[in-house]
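I opened my notebook to look at cores and ring pairs today. Here is what I went through, entry by entry.

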Amino acid sequence: MCRVYDKISSFENLHTAFKNASKGKRLKKEVLAFEYYLEHELYSLHHALRQEIYTPGPYQKFILETPRNRVICKASFRDRVLHHALINCIQPLFEMSFIHDSYACIQNKGTTGAHARYDQFKYKTTGRKHPHGGWILKFDIRHFFPSVNHTVLKNILSNKIKCEKTLRLIDLILTNYQPECGLPIGNLTSQFFANLYLNELDRYIKHTLKITRYIRYMDDAVIFSEKRQPLVLMAESIQTYVSNHLQLTLHPDKTRIYNISSGISFLGFKLYYHHKLLLHRNRRRFLSRKKEQINLLNKKEVTLEDVRASVASFSGFAKHANTWNFRKKHVEGWYGTNGCIESSSLF
């Protein structure tokens, strides 16, 4: 048996995958049901993989109301355990090929690291004494997740993965959503595959175009330059590459060149030269999430620790902007004098 596939299907890896998939969701009904028969469920999944009879279940689709509605596809918990098991084993094969300035879905990176790198490049481009100099090309991919081409993705995967059984398992996961293109938003596998897909663009920008001041977080990216005209040419080259090699298109309304001093919206913040503001949509999203967490807590579908973790995550993100008053009112108000959530302070 292929060594990679053998590791994916091992009982030990599946047990680790269960623990990772259940983090923050231990009280949800499907997780409780799976855990109640944990040994049986894991053995069943182990057996199905070893015999190559594993069949993924259907997705549960729902609309996430954000500034633009997004269709989220939720896999069954059993399938999510398998997704974690797969990524546990194949991610290390590719991580060494990722560029330093790719910040999505990589341990110890994230939006905070991307913003810190943004500040470094900003100062290098303008010099601290010249905040009105320097330009930024900001771009993202139009309809990125629905547009990921399966053939292109599988070719990228097969460059590192030589195990036919592992490749067949990946193909099964991909075609369970759509036969030829598209990744379902909301899956761990989708996040990893999407990041891997755009790693091809990263390497083109860094190694072929020789651009050093470049940052990407999933399909949002920025490039810094002392002059505007080189960015115009870069945008044309990038569009040609993503069209010819990745079957993608740059978003025409979100691909623009900005003067650094004017500020840009990037990864949840409005970034100005000397300060940062939290985008209004993220404020609204947090307040909506706050209500949802309270409802789940009342239904005993999440624990107090889960709520605290959610609050701490948002607070840790928001504190990097000028948000003291907002956090004082809506974040710190979740906690009482004894460190517990007080019902009188929830709204």
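Which residues have the most contacts inside the largest nonpolar core? I kept in mind that this is a predicted model. I found Phe139, Phe144, Phe193, Leu201 and Ile223 with the most contacts there, in a core of 70 residues.

I then looked up Ile223 and left aside its neighbours within four places in sequence. Its contacts include Trp135, Ile136, Leu137, Phe139, Tyr214, Leu231 and Met234. Apart from the largest core I noted another, of 28 residues, with Tyr118, Phe224, Phe269 and Leu296 among them.

Next came the rings. My search of the whole structure gave 13 aromatic pairs. One of them joins Phe18 and Phe77 edge-to-face, with 6.0 Å centre to centre and 90° between the planes. I placed Phe18 in helix α2 (residues 11–21) and Phe77 in helix α5 (residues 77–95), 59 residues apart. Phe18 and Phe77 are both buried.

Why do I call Tyr204 and Tyr241 stacked? Their ring centres are 4.2 Å apart and their planes are at 10°, so the label fits. Tyr204 belongs to helix α10 (residues 188–208) and Tyr241 to helix α11 (residues 229–245), so this pair ties together parts 37 residues apart in sequence. I found both Tyr204 and Tyr241 buried.

I also wrote down a cluster: ring pairs link Tyr118, Phe121, Phe224 and Phe266. Tyr118 and Phe224 had already turned up in the core of 28 residues.

Last, I checked charges over rings. Lys122 lies over the face of Tyr273, 4.9 Å from the ring centre. Arg228 has its charged end over the ring of Trp135, at 6.0 Å from the centre, and Trp135 was on my contact list for Ile223.

Definitions and conventions. Residues numbered from 1 in each chain as written. Predicted model: local features only at pLDDT ≥ 70, side-chain atom pairs only at ≥ 80, totals over all residues. Heavy atoms only, no water. Core = buried A, V, L, I, M, F, W, Y, C linked by side-chain atoms within 4.5 Å. Buried < 20%, exposed > 50% of the residue type's maximum accessible area, 1.4 Å probe, protein only. Contact = heavy atoms within 4.5 Å. Phe/Tyr/Trp six-rings, centres within 6.5 Å; stacked < 30°, edge-to-face > 60°. Helix = DSSP H or I, 4+ residues; strand = E, 2+ residues; numbered from the N terminus. Lys NZ or Arg CZ within 6 Å of the ring centre and 35° of its normal.
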